[in-house]
Amino acid sequence: MQEKHIVIIGGGFAGVNLAKQLGNKEGLKVTLVDRNNYNFFPPLLYQVATGMLDISSISFPFRTLFINSKNLAFRIGELQEIVPNQKKVILSTGDLHYDALVLATGTKSNYFGMENIEKNSLPMKTVNDAIKLRNYLIMEGEKYTYCTNVDEKRKMRNIVISGAGPSGVEIAGMIAEMRNRKLRDIYPELVDESLNIYLVDGAPTVLPPMREKSQKYTLKTLKKMGINVKLNKMVSDFKDDKVFFKDGETIETKTLIWTAGVTAMKFKGIPEACYEKGNRLIVDAFNKVEQMDHIYAIGDTCIQTTDSNFPEGHPQLGAVAQQQGKHLAKNFVAMVKNEEMTPFEYRDKGAMAIIGDQKAVADMTFPKTTLTGWLAWFSWLFVHLFLLVSYRNRFRTFWNWFNAYLGKGQSQGIMIGKTPENAPLSDEIKDEITEV
Ligand SMILES: Cc1cc2nc3c(=O)[nH]c(=O)nc-3n(C[C@H](O)[C@H](O)[C@H](O)COP(=O)(O)OP(=O)(O)OC[C@H]3O[C@@H](n4cnc5c(N)ncnc54)[C@H](O)[C@@H]3O)c2cc1C
């Protein structure tokens, strides 16, 4: 029997789960394409950005991941165009022909057309973003210790985080924990200074997709931790060291962290009519892109309204992407065996967000209950540890957390890449760059 070639573009939650399930399956040859040579775990990016975890705790090279699956290949490259009538994709690193193409490209930060925000703010969507943010925060801390200009120092003391979804809440909470506890040990120069953290959102509540009990607990906890939460506040610009809001208010700051929105990407070769709001590709119950033959989409990049429990489409979550990847793998195996494919249905296991040390919320579905406080925090740690892609990641993350919670603090307080003038990179840093 001639092997079918499945090309998967994107090795995030959706793409990697699809590829892994197809490993060593007869009749199928799989090529996974990604612009990075590693898979990474977005829910823990904020811990990399704040120096709690190193990059290799949350990322893993594709080639090592596929080492025991002889039918899985990896190609580094960026998708540039799809040529459906030739069943071909054009990548930045050459062309590939497919029998079935799966788009699993996720989303990118959405700045809603605000150019200054795109240019001047700090997003948190990729490993590079997290490293850039970590370098930036460390460098700002260092600058603060030798800066003598009072006005500049006042602006440096304000940090604005836009977007009160899980990512915004998590990073705001982590910075607040650092400020309230360890920062003054690391920077004794800051002993009499205060760091003002603002968490802002255009919505009327924090964590909009979660239950009311979780939202209320989160808001109360954030305020208790000394975070200024500003809701119903739409950011409209960020320039001249000022964040501007639509209602005319401003906050003077050097730092705007942007977690306020995402959008999927459009690709040349896919007609405009295939996209919905947020550039999500409209797929049928089997994740096939409507109006296209042999092209499928899974994860954040698609919208599927055939699941009766989610008529408006599924939330853009890791769990949905993971389940869609695994499900499509079953359907591809069924296709090869000439068996019937089954429609996708999401098994909602709930949602979680961490706020700070021993403070978290968890909306559970089985049993239907909401956990708050240390029990939710412990569940969050446990669940996220097991969602990591490899045993090596789990062990490294566990070890870093163990050390941090024992009181040694952030272990990763080094700048990678851009360092102050005349400071050569140490071998340790060079190793970390190579590893990524
Ligand atoms: C900071 C943050 C925190 C989050 N926290 C949570 C959480 O706690 N719980 C939860 O359920 N969800 C969380 N999410 C959402 C979750 O990460 C996404 O729903 C999930 O990653 C979607 O998986 P995916 O496979 O569709 O896309 P992704 O995981 O984004 O993977 C897309 C992949 O495609 C690759 N790619 C993109 N474009 C191209 C191209 N043109 N060519 C080649 N490769 C390309 C990318 O490099 C990437 O590897 C979080 C997201 C972020 C950013």
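**Close-up views of a predicted model**

**View 1. The loop that holds Pro367.** Pro367 sits in the loop that runs between strand 24 and strand 25. The structure shown here, as in every view below, is a predicted model. Which kind of peptide bond joins Phe366 and Pro367? The bond between Phe366 and Pro367 is cis, and its omega is about -5 degrees. Most peptide bonds are trans, and most residues other than glycine have a negative phi.

**View 2. A positive phi at Lys87.** Lys87 is not a glycine, yet its phi is positive, at about 45 degrees. Where along the chain is Lys87 placed? Lys87 belongs to the loop between strand 6, residues 79–83, and strand 7, residues 88–91.

**View 3. The open sheet of three strands.** Strands 23, 24 and 25 make up an open sheet; their order is 23-24-25 and their pairing is antiparallel. Strand 23 (350–356) and strand 25 (369–372) are the edge strands, each pairing on one side only. On average, neighbouring strands of this sheet are turned by 10 degrees against each other, with direction ignored. How many bridges join strand 23 to strand 24? There are six bridges between strand 23 and strand 24 (residues 359–364), and these two strands run antiparallel. Within this part of the sheet, Ala351 is opposite Asp363 of strand 24. In general, the strands of a sheet pair through backbone hydrogen bonds, and the pairing is either parallel or antiparallel.

**View 4. Two helices that lie across the three strands.** Helix 9, made of residues 212–224, lies across strand 23, strand 24 and strand 25. Its direction is at about 175 degrees to strand 24. Helix 11, made of residues 374–387, also lies across strand 23, strand 24 and strand 25. Helix 11 runs at about 110 degrees to strand 23.

**View 5. The open sheet of five strands.** Five strands form an open sheet in the order 11-18-12-13-14, and they pair in parallel. Which strands are at the edges? Strand 11 (122–123) and strand 14 (227–230) are the edge strands, with pairing on one side only for each. Strand 12 (residues 158–162) and strand 13 (residues 196–200) run parallel and are joined by five bridges. Asn158 stands opposite Asn196, a residue of strand 13. Helix 9 packs on this sheet too, where it touches strand 13 and strand 14. The direction of helix 9 makes about 135 degrees with that of strand 14.

**View 6. The ligand and its shell.** Around the ligand there are 30 residues, of which Ala14, Asp34, Leu79, Asp300 and Gly318 come nearest. Helix 1 (13–22) and helix 10 (318–336) each give at least two residues to the shell around the ligand. Which helix gives the most to this shell? Helix 10 does, with three residues.

**View 7. Polar backbone atoms beside the ligand.** A polar backbone atom of Phe13 is 3.1 Å from an oxygen atom of the ligand. For Leu79, a polar backbone atom is 2.9 Å from a nitrogen atom of the ligand. In Asp300, a backbone N or O atom lies 2.9 Å from an oxygen atom of the ligand. Taken alone, the ligand exposes 990 Å², and the protein buries 90% of this area.

**View 8. The surroundings of Ala273.** Ala273 is found in the loop between strand 19 (262–264) and strand 20 (281–283). Leaving out residues up to four places away in sequence, Ala273 touches Ile282 and Gln291. Ala273 and Glu290 are 17 residues apart along the chain, and 9.1 Å separate their C-alpha atoms.

**View 9. The two domains.** The protein chain is divided into domain 1, which takes in 4–35 + 77–109 + 262–336, and domain 2, which takes in 115–260. How many Å separate the centres of domain 1 and domain 2? Taken over C-alpha atoms, the two centres are 34 Å apart.

Terms used: Residues numbered from 1 in each chain as written. Predicted model: local features only at pLDDT ≥ 70, side-chain atom pairs only at ≥ 80, totals over all residues. Heavy atoms only, no water. Pairing = 2+ DSSP bridges. Helix = DSSP H or I, 4+ residues; strand = E, 2+ residues; numbered from the N terminus. Axes fitted to C-alpha atoms, helices over the stretch in contact; angles between N-to-C directions. Contact = heavy atoms within 4.5 Å. Domains from an automatic or database assignment. Near = heavy atom within 4 Å. Polar contact = N/O pair within 3.5 Å; in protein donor to acceptor, adjacent residues only side chain to side chain. Areas by Shrake-Rupley, 256 points an atom, 1.4 Å probe, with all protein chains shown as cover.
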